[in-house]
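User: Could you take a close look at one part of this model for me, the backbone around its odd peptide bond, and then work outwards to the helices? I'd like it as one connected read.

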Amino acid sequence: MPTRDEAWPQGTPCWIDCQVDDTAKAREFYAGLFGWEIMDSPEEAGGYLMALKNGKPAAGIGPKPEGMSVPSAWTTYFAADSADDIATKVTAAGGQNFMPPFDVMDVGRMFVAADPTGAAFGVWEAQTHTGAGIFNEHGAYCWNELHTRSYRQAQDFYAQVFGWSYTEIGDGDSFVYSTFALPGGAGIGGVSDDTKMPGQTPAHWLTWFQVDDTDAALAKATELGATVIMGADDSPAGRMGIVQAPQSEVFGVIDPTHTVGQFPGP
């Protein structure tokens, strides 16, 4: 069971949460799907719920901001040594900060931004809450990937902000995809060129949850009121599917032990 108790290195996907209209319904859905134990937070946390897996923080569920019309969505947060420094880098690289960095009680400092291609993401400077305490495990996040139709612009932005380097694993034609890494490290997430995909889906970060059985997870999600958008499909990364939850937030599920084929490569 991969676990972590200390803060994540800067630029690493370190936390995920979803904002929904009804946190009680989301609590029921995700507890049923992933077996999460979902805890209430202090009153000053504004109704934010903390999901635990095997006693470790796995994800958050929160209400949408009052007075704001925003879709239900999962947000990927990246670790920062200083949220204020990263906020400065975001604007210098052409991104947009939706609000200045702010303290969340004594648990951390954060802000939410959008890259120049329109994809929203969060930045988390850890204090008492260091981020995800469990990962790469059934019911925990295992991968975060950016979907954008401005592929090179997005790569340049995140390289400037977080110092990422990229490894192209697609063929550069029908499949354009790269993994990103911190200096000297292995791949910790992905970037997809969605001009190679049908439709005009806006740029977004997609969270993938690991499951022991993709088909069973999709069947359970459907039983709980979700819609299966894609899958189950086999791939070199694993057997996967994409789900739209009952309140419309979208996420992926994948069994990385069930792989088929190889990536075409550049």
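Analyst: Ala-232 sits in strand S15, which spans residues 227–233; strands here are DSSP runs of E with at least two residues, helices are runs of H or I with at least four, and both are numbered from the N terminus. The peptide bond leading into Ala-232 from Gly-231 is cis, with omega near 5 degrees. Most peptide bonds are trans, and most residues other than glycine have a negative phi.

Before going further, the ground rules: this is a predicted model, where local features need pLDDT of at least 70, side-chain atom pairs count only at pLDDT 80 or more, and totals for chains, interfaces and linings use all residues. Residues are numbered from 1 along each chain as its sequence is written, and side-chain values use heavy atoms, with hydrogens and water left out.

S15 also turns up in the packing of helix H4 (residues 214–223), being among the elements that cover the buried residues of H4, along with helix H1 (23–34), S16 and S17. Those buried residues (under 20% relative accessible area, 1.4 Å probe, protein chains only; exposed is over 50% and partly exposed is in between) are Thr-214, Ala-217, Leu-218 and Ala-221. They take up an arc of only 95 degrees around the axis, so they lie on the same side of H4; the arc is taken over the directions from the helix axis to the C-beta atoms. An α-helix has 3.6 residues a turn, so residues three or four places apart point the same way.

Between S16 (239–244) and S17 (250–255) runs a loop that holds Ser-248. Its phi is near 90 degrees, positive although the residue is not glycine. With 40% relative accessibility, Ser-248 counts as partly exposed. Asn-136 has a positive phi too, near 50 degrees, and lies in the loop from S9 (120–126) to S10 (141–148). Asn-136 is partly exposed because its relative accessibility is 34%.

On to the helix pair: the axes of H2 (83–92) and H3 (151–162) come within 9 Å and cross at roughly 150 degrees, the axes being lines fitted to C-alpha atoms over the stretch in contact, with angles from 0 to 180 degrees between N-to-C directions. H2 and H3 are therefore roughly antiparallel, a label for angles over 145 degrees. Ile-86, Lys-89 and Val-90 of H2 meet Phe-157, Gln-160, Val-161 and Phe-162 of H3, where contact means heavy atoms within 4.5 Å.

Note on methods. Angles under 35 degrees count as roughly parallel, over 145 as roughly antiparallel, 65 to 115 as roughly perpendicular and the rest as oblique.
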